[in-house]
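Trainee: Could you take me through one helix pair and the packing around it, slowly please?

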Amino acid sequence: MNKTALIDNVIPRADIVKRAARIGAEIRNIKLSGELPDETIAAINSQLLKHKVIFFREQGHLNDVEQERFALRFGSLVPHPTVGAVKGTASIIELDSARGASRADLWHTDMIFVDAYPKMAVLRGVVIPPFGGDTIWANSGAAYLDLPRPLQRLADELWAVFSNAFDSTIMARLSEADKKHWEEVYTKTIYETEHPVVRVHPETGERTLVLSDWVQRFVDIPRYDGQRLLDMFQFHITAPENTVRWNWKEGDVAIWDNRATQHYAVYDYGEQHRIVRRATVAGEVPVSIDGRRSITRIKAIKQQPARIAKV
């Protein structure tokens, strides 16, 4: 029996519902836990690599401990490099809408400002507003394939610099309290890392674009030109037909391949409360198509508020 048939026996096709043509699938009739058999974990990972993000309803039995026990089945857990982890956990970070700096309403790949950013994330809906609060994911592998060949060759050669120190445009939308929280917690240590704009996925071998709103500049590209390059590539990544949108319910779980996606938490729920909790699994240092590896150029404890201009 081939591998596909084995996976179909563990997770029948009838239990996998595609959410969009290029990205996203819902897996039904599975109760997530750290006790799942190895073959079930392998089948879930296979579906994750195929669909890039997978969703599970009715997982309200999970708490922080059980969420991490499940995530641990896919690799070592890693905390946020500046925020740390919720007390009593190894990696969980709470994203609470009451703190504006935690809303994540921009296109990003988690913790991309370090060299070995997480390979995957497990997100659990804890407090979900009655309307709004969806999350959108985009497939950065499909976006690369969409590029005309000359633009693929350009992307293959580019390197981008990422940092957790946002520019003034992004910071301007935060309240003074949120700015203070951001500067004291999220950017207490400043990171600046160079990644290839195209990385080779270590499990599938596909090429994926490594970009996001965290890009500060492109290596050896003037700032004016760099902004237009970023806009062009981001246009392909976040094109509507390249995305999937998830309408959260309490107890839902979303798992995504952080090496092949970007995501955006939509802030359309006003003053309502929204809390999600995320566990992250350690990833590999990205490798470019010519074999070079990402490198963190700056890791420094901030002595004073920093502002790094965007491209």
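Mentor: Sure, and let's start with a term: a crossing is left-handed if the near helix is turned anticlockwise from the far one by less than a right angle, and right-handed if clockwise. This is a predicted model, where local features need pLDDT of at least 70, side-chain atom pairs count only at pLDDT 80 or more, and totals for chains, interfaces and linings use all residues. Residues are numbered from 1 along each chain as its sequence is written, and side-chain values use heavy atoms, leaving out hydrogens and water.

Now look at helix α5 (residues 149-157) and helix α8 (residues 223-237): their axes come within 12 Å and cross at roughly 120°. So α5 is oblique to α8 (under 35 degrees is roughly parallel, over 145 roughly antiparallel, 65 to 115 roughly perpendicular, the rest oblique). The crossing of α5 and α8 is left-handed. Leu151, Leu154 and Ala155 in α5 meet Leu229, Met232 and Phe233 in α8 (contact means heavy atoms within 4.5 Å). By class, that contact has six nonpolar, no polar and no charged residues (Ala, Val, Leu, Ile, Met, Phe, Trp, Tyr, Cys and Pro count as nonpolar, Asp, Glu, Lys and Arg as charged, and the others, Gly among them, as polar).

Phe233 of α8 also touches Leu211, whose other partners include Val197, Phe218 and Leu230, not counting residues up to four places away in sequence.

How values were computed: Axes fitted to C-alpha atoms, helices over the stretch in contact; angles between N-to-C directions. Helix = DSSP H or I, 4+ residues; strand = E, 2+ residues; numbered from the N terminus.
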